[in-house]
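Visitor: I would like to learn how to read a few features here. Where do we begin?

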2 protein chains.
Amino acid sequence: MRKVAVVGVGFTKFGLSDKTNTEMFAEAAFQALEDANISPKDVEALYFSNVLGEHEDGGQITMAPLAAYEANLKNIPAIRIENACASGNIAFIQACMAVAGGFYDIVLVGGAERCYTMAKKRGTNYATKIFATGGDHRYETPTGYTFPGVFAMMAQRYAYKYGLRMGLLEERMAKVAVKNHSNALYNPIAHFQRKITVEDVLNSPKIAEPLKLLDCCPFSDGAAAVVIASEDVARKITDTPIYVRGIGMASNGPLYRQEDITRVIARELSAKKAYKMAGVESKDIDVVECHDCFTIAEIVAYEGLGLCKHGEGHRLIEDGVTDINGDVPVNPSGGLKAKGHPLGATGVAQVGEITLQLRAEAGRRQVDGAEIGLVDTLGGDLAIVGTIILSR
Amino acid sequence: MRKVAVVGVGFTKFGLSDKTNTEMFAEAAFQALEDANISPKDVEALYFSNVLGEHEDGGQITMAPLAAYEANLKNIPAIRIENACASGNIAFIQACMAVAGGFYDIVLVGGAERCYTMAKKRGTNYATKIFATGGDHRYETPTGYTFPGVFAMMAQRYAYKYGLRMGLLEERMAKVAVKNHSNALYNPIAHFQRKITVEDVLNSPKIAEPLKLLDCCPFSDGAAAVVIASEDVARKITDTPIYVRGIGMASNGPLYRQEDITRVIARELSAKKAYKMAGVESKDIDVVECHDCFTIAEIVAYEGLGLCKHGEGHRLIEDGVTDINGDVPVNPSGGLKAKGHPLGATGVAQVGEITLQLRAEAGRRQVDGAEIGLVDTLGGDLAIVGTIILSR
């Protein structure tokens, strides 16, 4: 199995866009190709992630070959991966497997989504309902299930299980939002570039008890792309290849079959595989981009990734461990919470951020001396997780 | 790169089902596992294809982990691939790459779709419109574009380009339908098990000039699954491993950017790759399952796969070359035309049929002495094709 490296990254600004998905993707792709100093004809395959293409005007399935064409990637295999919010991560992993297996030397991975456009055109309730199609359509969505509701239940149960006063957990969740907004101030692509306080979060409108508006990630438009290459080719292309050291994926069926909503078992199993493949432990990780779709989700991710014991995630944020200058900075990009969450682009953008961090090119949000980074992305009703460990 | 073999196949009956997609998938999956004589716990990953999950009641994205759970495949990576009608083929290829690359020894590939259910609940016009979301939503679907229309244009242009009287082409197209219906008589899973005549086709209702109803494949529900394994493991599991000798994938942008609607360039490029990898030529192929969504599509596929020269595909059917007892039998299963076309299941079912043929287990539709078989599946607006070459 060959080593694989990230050799180019590109992003659009996250937020509201008047471009189509394939146009946004092409913008990110051209940037990634330029960063890798290669041309479209060098790319042998495209792994493309998009989740809500069916909800484009008139609908759009099989977006991958259209995206390839838009980025001038002529006639190459163009595969769409859809695993809800984890799509970009899983697409990246599939691309790595194809290069590691010797099928290609240079592959582009890209993702694009128009969530803000959907929410603006059709309303927040509509967009929330469409997101909820990531739950099981037989037994979950008919109950009125939405993702804010799921993560509110997670927070409720977390407080109960670990004997925390809800007011205390709410403050600590708020600190996740404050941290991620603070990091996003220095990320030019971030959806939000606005400092917020704990009070701002606590006083923002209730969404689903105990989650407030500022505990939730926004609906974002955006695209991201990364170029990966086999080790030999990567060394020729760039002086700063960022190697894929470990990958992991795991699933855990629908939420209604899961035993404990405070633990994402798919994450624990996925991370274990990635750590093993990379030959590292959680304590070796210098920087993390994790799936903070809601503030409680980041706290639970700390635990699932082994950054602390179960029930202690809330202390990590309280103690500043995951701050940009802490022991294990988490979501220096601003995370889904503040950078934004254009579903299909998210996992790819996380890989892009960790790549910049490990190249020491992250500007004012740089994590000093970061050598090993981890990407964690969750999809569906806690149903699937992909983990990627990268290093210089 | 390791050799990969198909070691188990399973199908539901194609037609109308009262089951959900994941339930149909589980039925096919259990059959494939039994055929391979393994249990769910032996399976290391699921590659799952479904195209129209968004149109389930309430909608369903990220169906793959739910499908895995339904088939008792606990906690494994479960990846959804969506490339319109080619989804199952592309999913199979991704799975092969993962096994060939050494990531897994045993992988399940499955696909499921409920097209008949959609057409029955919402009407044929609705289903036709949803299928058309495989075209470009910016410049094609707004024109009223549907797939019967696209393939009608293909037939019109084919007749013009090669100087054929339309009546003659219509008769030859009708013979494709007659052949495939005849083959399907002996396929227990086929949607249609009804002999038809050329007159039946010519007298059936006009759909899009010159295509009649019986030139078109039906809306089908159904699922298919195959188990693949690395060579070492395959030899332990079965006495009749069917090896993956060559794979190819290629894309060709949206139809409105293509130069000649009578040629599917993505197919030509994809087949070329697969032949090269397999070290065989078109003349070496003993049996083919190709993408006959419309009768003209099969004629054009003959040409794109190199079974004859461009413009001569219509002669192959006339001369009986592709009959079950011809030189190169095509669609012994009945094809999409008569076996049915549950989108996500189609490519997987084609691989299943070729596997049965190469094992000499195809009963009364067996192609005598078949040693090398080819699977060809087309997705979107002639935008993507996957080619798979299998052998004993």
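Guide: Begin with a term. Buried means under 20% relative accessible area, exposed over 50%, and partly exposed in between. By that scale A:Arg138 is buried, with a relative accessible area of 17%. Keep in mind that this is a predicted model.

Visitor: Which residue forms a salt bridge with A:Arg138?

Guide: The general idea comes first. Side chains of opposite charge can pair when their charged atoms come close. Here the partner is B:Glu70, with the closest N and O atoms 3.1 Å apart. B:Glu70 sits in helix H2 (residues 63-70) of chain B, and A:Arg138 in the loop between helix H5 (124-131) and helix H6 (147-161) of chain A, so the pair joins two chains. B:Glu70 is partly exposed, at 26% relative accessibility.

Visitor: How many salt bridges does the structure hold over all chains?

Guide: The total is 48. One of them pairs A:Glu371 with A:Arg392, at 3.9 Å from N to O. This pair links distant parts of the chain, 21 residues apart. A:Glu371 lies in the loop between helix H14 (343-358) and strand S10 (372-379) of chain A, while A:Arg392 lies in the segment after strand S11 (384-391) of chain A. Both ends are partly exposed: A:Glu371 at 43% relative accessibility, A:Arg392 with a relative accessible area of 46%. In chain B, the side chains of B:Glu209 and B:Lys206 meet at 3.2 Å, N to O. B:Glu209 is partly exposed, at 45%. Salt bridges can also share partners, as in the network of A:Glu23, A:Glu70, B:Asp136 and B:Arg138.

Visitor: Now cysteines. Why is A:Cys115 without a bond to the closest cysteine sulfur?

Guide: A disulfide is a covalent bond between the sulfur atoms of two cysteines. The test needs a cut-off: the two sulfur atoms must be within 2.5 Å. The closest cysteine sulfur to that of A:Cys115 is in A:Cys85, 8.1 Å away, so the gap is too far for a bond. A:Cys115 is also buried, at 0% relative accessibility. B:Cys216 is in no disulfide either; the nearest cysteine sulfur, that of B:Cys217, is 7.4 Å away. B:Cys216 is buried too, with a relative accessible area of 11%. Over all chains the count is 0 disulfides.

Visitor: What turn lays chain B on chain A?

Guide: Two copies of a chain are related by a rotation about an axis and a shift along it. Here the turn is 180 degrees and the shift 0.0 Å along the axis, with an RMSD of 0.0 Å. That is the relation of a two-fold axis. In chain B, the C-alpha nearest the axis belongs to B:Gly101, 1.9 Å from it. The same surface serves both copies: 100% of the contact residues of chain B recur in chain A.

Visitor: How much area do chain B and chain A bury between them?

Guide: About 5,000 Å², with 58% of it on carbon and sulfur atoms. B:Asn75, B:Phe103 and B:His137 supply 13% of the area that chain B buries against chain A, more than any other three residues. In contact terms, 63 residues of chain B meet 63 residues of chain A. Across this interface there are 6 salt bridges. B:Glu82 and A:Arg80 also form a salt bridge, their closest N and O atoms being 2.6 Å apart.

Visitor: Which residues touch the most other members of the largest nonpolar core?

Guide: A:Tyr47 and B:Tyr47, in a core of 93 residues. A second, separate core has 66 residues, including B:Cys293 and B:Leu378.

Notes: Residues numbered from 1 in each chain as written. Chains lettered and ligands numbered in written order. Predicted model: local features only at pLDDT ≥ 70, side-chain atom pairs only at ≥ 80, totals over all residues. Heavy atoms only, no water. Buried < 20%, exposed > 50% of the residue type's maximum accessible area, 1.4 Å probe, protein only. Salt bridge = Lys/Arg side-chain N within 4 Å of Asp/Glu carboxyl O. Helix = DSSP H or I, 4+ residues; strand = E, 2+ residues; numbered from the N terminus. Core = buried A, V, L, I, M, F, W, Y, C linked by side-chain atoms within 4.5 Å. Least-squares fit on C-alpha atoms with pLDDT ≥ 70 in both. Contact = heavy atoms within 4.5 Å. Buried area = accessible area lost by both parts, 1.4 Å probe.
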